[in-house]
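Q: Please take a close look at one part of this model, the second largest cavity and the elements around it. What lines the second largest cavity, and which helices supply the lining?

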Amino acid sequence: MAAVAATQKALDPAAQSVGTLKIENTDKRDTLIASEKKYQQQWTESKIFEQDAPSLQEIPFQSMPAAEIRKKHPKYMVTMAYPYVNGTPHAGHSFTASKLEFAIGWARMKGQRALYPQGYHCTGMPIKACADKLVREIEMFGQEFEKCPVDEVVAEDAKPPTQQANGAPPAPTQETTKEDVTKFTAKKSKAAAKVNVNLKYQFQIMLAIGIPIEEIHRFSDPQYWLEYFPPLWKRDLNDLGCRVDWRRSMVTTDANPYYDAFVRWQMNRLKEMGKIRFGKRYTVYSPKDGQACMDHDRQTGEGIGVQEYTAMKLRVMEWPEEAKKKMDGKIPEDGNVHFVPATLRPETMYGQNSCFVGPSLTYGIYEVVKGKEYYFISDRAARNMAFQSIFPTWGVFPKVAELQGSDVIGTLVHAPLSVHTKGIRILPMESVKATKGTGVVTSVPSDSPDDYATMLDLTKKAEYYKIKREWAELDILPIIETPSYGNLTAKHLVEKMKINSPKDAKQLAEAKDLAYKEGYYKGTMIHGDFKGKSVEEAKPLVKQQLLDAGDAFNYAEPDGLVISRSGDECVAGHLDQWFMNYGTPEKSGDEKWQPAVLEHVRNENGEGLNTFSTEVKNAFEQVLFWLAQWACARSYGLGTKLPWDQSQLVESLSDSTIYMSYYTIAHLLHSDIFGKTKGPAGVTPDQMTDEVWDYLFCRSQTPPANSNIPESSFQMMRREFEYWYPLDLRCSGKDLIQNHLTFFLYVHIALFPPEYWPKAVRINGHLMLNGEKMSKSTGNFLTLADAVRKFGADATRIALADAGDGIEDANFEETVANSNILRMYELRSWCESVVQDARPLKAGESYNAVRDAERHKTVDSIQRTGELTFWDRIFDNELNGLVRETREQYELSNYKAALKSGLYDFISARDFYREATKAAGVGMHQDLVRRYVELQALMVTVVAPHWSEHIWLEVLKKDTTVQNAHFPSVPEQDPKLAAAREYVRATSSAITSAEGAQLKRMAKGKSMSYDPKKDKKLSVFCATKYPSWQDAIIDTVRENFKNMKLDVGAVSKAMPKAEAKRGMPFVQQLKKSLESGVKPEEVFERSLLFDEVDVLGQMVPGLKQTVVKCKVVEVVGVEEGEGDSKIGKVVAGSEGVEMGAERKEMAPVASSAVPGQPTFFFENV
């Protein structure tokens, strides 16, 4: 058991969670969690989330068009990619689930029937591959792996990289950049756990995901995975409080015969429509597994496709002496050896003037035609070619000699099409990689900036590189004329961008991109048989000419490293296979399919797909132009058998394109996820024929005549589909745009009438944890179960909402979740106290007197009744504005912004109101307190439903669950009260900030006009009229304000330069008012929306309380006197201030006051 013990020690939670937050003093959290569990149980028992279409009793079958039913009874159906059940959800899964969950919560609050179904994906290689590994490991080490020695799993110390010392001559280097710049790629990494043991065996990985050692052997049966993990997903999503209709769940594969029939139907129909075809095509292939290796079958390299090249045959004319020695007797005298560079630009082959190899790389010479034809290529390229029928025997690539690149420098070769008919030389380039192409690179310096820069370097330093200068300085042939760069594109760009050497990698990469796009899209051939044609036209013609002449052949390879689940490095195989005919018509895709999907995505008529952002729409369009045919069958793994070829299984990304439609009737077909028990429709799997599926999914208008399914069952199921479809929203991570989400659109559009095509896709970024990528190796990792245990459901949900809403990567901050435990606990306690312990003031009682005479848990329980005061109206109005803002953000699915307005700003509004009324000595109004509590519960029901349920039922004593409550409708904000509130906020902030600045000056020993630590008086100066210099500016602004927009540039030009310094800030204030909805006549009349003196009078108690050691607050109204003088009069103040007293001598700041912008002055008393 040594290896098992070592692994368990390394995976100990205490050692693995060093990167995450530790929680202490959990009493408040535990109180909230206990409440959450109670309400989750109540929701489950009441089946509150089980949603059905209107019954046939409510609306008789076909008595009303389906669209009319959906209009009369609004619905909202949302799904996310069903999880692959080889583990439990982590925080990343939860982030996508939260978007779906919040969308469902919002739909319910709008009064819609909202459906969140959840299935489980089991198709493909991963489960079968893992189970097979366990079978082997049990045979090797025993049922509990007790025979596995510790030496097998202990990690080796990192070793420094070995240096090659093969005497290779130096060579120019350049960065390896992406060759086909028109092709879309996406990268997705999968972190591997790196602890002090290597997770070398499958049993260790099972330990890492929490499976007890004594249970692991059961996972050697693939079906056990299907039984074990779905209940854990259901548990974790329920613990998060997700609003799931679990009746509609299912597993994929033939483990559920109903779903199996559903997949067979869609494959049959797609084949009949010509969307599935058979033929030879390139695909990523695992030699070890003997089948195509699609995205979900990969351990590494998801999203990587096949890159096709033209492989040129450069026949050797003369070998250097070193090469001759190494090949002596290995190649027949009449045998032809070809250097084989792979190119994406066959149309430029006329300009070949050298060919590069990596001097330190090891190459092989491989026999293609016995005794006659041989290829000089890398081992990796030979392995790829072995599965493309290039060698005589499938999978065999016979090597007859091995050489270093340095051995062949100076070799003279014949380059097909090249104008240099006497041959070109093999030259060194250190950055040639064996992992890209064939390891041999042909050089065309007319159109490749890399090649041009390298040629110049080789020419200048021929002696250093140990070559003859003339080998590198052959004439450069102009091949392509471009409008921007002339006929020597590479030379133009290298000189323009001041690229001095092949080491200027960044500039060369940019130049390469510019050269390729300009040449391909705008270039015209000026040399060769296709002179005068565009490059776009000529490229395939030149390639075909080379192929027909036997001077080139087709070659392909994966466009990056792909490792299968079985640990095999994959190749590009040229296989007979069934494939989805995706792709543009130009790439041999179905003629009408891709254009139809593209039109739906572009949504130019407003009736297509809502992607919520231009970035997402562009990503879909990019994939639709890049994606080509997709292998849809394999021979190994779990899944549904291909109906017309029982030896093949439907590939995992091809059986998961339209399962959202299956959700609509799943609960009627079966009562368990495996389909072992019939559902209410009373239908058996064998009754679910292709014709039945056609009718249920509105592809035909009458039930099949030969079916024995009862009419009532047909009607019941079709009603569910017609009501719930089309799918209203699909939530997913951005990595699935490149495959699943695009396939989802393709197959929906192929199989369903347009009325049922998807309406929206909501894409989210990946989730970071605490600002860093999640990784088990660093301990910065969190499962959903761990998060809910640590923070509770609502605090976790709030942190997920706060993480972000765009396509960029989001961030789950544990400190946010933790701080919200305290926030929500304290807010809950406050709501309980002010409602349940409310102490209304009686006639003749004052707030201050009751507060001083009675003991209360919180003085906020002491509440007024009767007429509303200034502060009441301000608060009431602010709540209205926040409710409307929160509604808008929920509607836009901006949950972070909705959380800000509906929770954080809501609490801030309450705090301001509470402090203002407390300072005024009147306390809060009972009606507004209760209104706040009710609105607060409703504002966060979407995100924190457990907290809201407690307030709704236990505090407000409502009759039914908050899950059925509707979002409130409130009046529009009164702009006058809103302006007054903004004035109070700005003025208070300015005064307290100034006080803080004075304290900092004092701490630094700077001179002060008063001592802020001693008793002081605050004078606030407010102007009764606007300065006369602003009149002319007002007139200019009025002239340039049109269509609710102010042309600030025109105003600036019309303003005298001498006035600009003080005038432009004033213009910006006017612009803000005009464009925020304030009526233009009110702005131009220059009247405040509120009585400034009255508002300042209301503020006096609060200012006196807020400013440290403030004994007197005096508000002085300032008017213009004679000349530039100012006259002041006391218009408000604290107790003891003489109202109406004149102030002839005032602080200098008094003259700066303008209506709406008071100034202030501190002095000691």
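A: The answer starts with the whole chain, turns to the cavity and its helices, and then takes in some other parts for context.

The model is predicted. The protein has 36 helices and 40 strands, and buried residues make up 55% of its 1165 residues. Its C-alpha trace spans about 120 × 80 × 65 Å along the principal axes. Of the contacts between residues at least 6 apart in sequence, 76% join residues at least 24 apart.

The count of cavities of 30 Å³ or more comes to 3. The second largest cavity holds about 90 Å³ of space. Its lining consists of L32, S35, E36, D794, A795, N820, I821, M824, R828, H946, W947 and H950. By class, the lining has 5 nonpolar, 4 polar and 3 charged residues.

Four helices each supply at least two residues of this lining: helix 3 (27-46), helix 24 (793-802), helix 25 (814-836) and helix 30 (945-955). Helix 25 gives the most, with 4 residues. The lining residues that fall in the range of helix 25 are N820, I821, M824 and R828. L32, S35 and E36 fall in the range of helix 3. D794 and A795 belong to helix 24, while H946, W947 and H950 belong to helix 30.

Helix 24 is mostly covered, with 10 of its 10 residues buried. These are A793, D794, A795, T796, R797, I798, A799, L800, A801 and D802. The lining residues D794 and A795 are thus listed among the buried residues of helix 24. After helix 24 comes G804, which has a positive phi, near 135 degrees.

Helix 30 is largely enclosed by the rest of the structure, because 10 of its 11 residues are buried. The buried residues are P945, H946, W947, S948, E949, H950, I951, W952, L953 and V955. They pack against helix 3, helix 24, helix 25 and helix 29 (926-939). Among these partners, helix 3, helix 24 and helix 25 also contribute to the cavity lining. K957 follows helix 30 and has a positive phi, near 60 degrees.

Some strands also lie in this stretch of the sequence. An open sheet of 3 strands has the order 31-32-33, with parallel pairing. Its edge strands are strand 31 (839-840) and strand 33 (924-925), each of which pairs on one side only. Strand 32 (residues 862-864) is joined to strand 33 by 2 bridges, and the two run parallel. In this pair, Q863 stands opposite M924 of strand 33.

Another enclosed element elsewhere in the chain is strand 15 (residues 424-428). All of it is covered: 5 of its 5 residues are buried, so strand 15 is largely enclosed by the rest of the structure. Strand 10 (residues 354-357) pairs with strand 15 in the parallel sense over 3 bridges, and C355 stands opposite I426 of strand 15. Strand 14 (residues 412-414) runs antiparallel to strand 15, joined by 2 bridges. Here V413 stands opposite I424. Strand 15 therefore has a parallel partner in strand 10 and an antiparallel one in strand 14.

A single buried residue in a loop gives a further case. I211 is found in the loop between helix 7 (202-208) and helix 8 (222-239). I211 counts as buried because its relative accessibility is 2%, and the cut-off for buried is under 20%. Leaving aside neighbours within four places in sequence, I211 is in contact with M206, I216, F219, Y228 and F229. Of these, M206 falls in the range of helix 7, and Y228 and F229 fall in the range of helix 8. I211 and G87 are 124 residues apart in sequence, and their C-alpha atoms are 9.9 Å apart in space.

One annotated span remains. An unreviewed UniProt entry places the feature "domain: Leucine--tRNA ligase RagD-binding" at residues 1023-1076. In the model this span is 67% helix and 9% strand, and its end C-alpha atoms lie 24 Å apart.

To return to the request, the second largest cavity is lined by residues that include L32, D794, N820 and H946, and helix 25 supplies the most of them.

Definitions and conventions. Residues numbered from 1 in each chain as written. Predicted model: local features only at pLDDT ≥ 70, side-chain atom pairs only at ≥ 80, totals over all residues. Heavy atoms only, no water. Buried < 20%, exposed > 50% of the residue type's maximum accessible area, 1.4 Å probe, protein only. Pairing = 2+ DSSP bridges. UniProt positions renumbered as here; feature names shortened; annotations may be inferred. Contact = heavy atoms within 4.5 Å. 1 Å grid on protein atoms, 1.4 Å probe; cavity = no way out; pocket = protein on both sides within 12 Å on 5 of 7 lines; lining within 4 Å. Points joined across faces, edges and corners; volume = space filled by probe spheres on them. Nonpolar A, V, L, I, M, F, W, Y, C, P; charged D, E, K, R; others polar.
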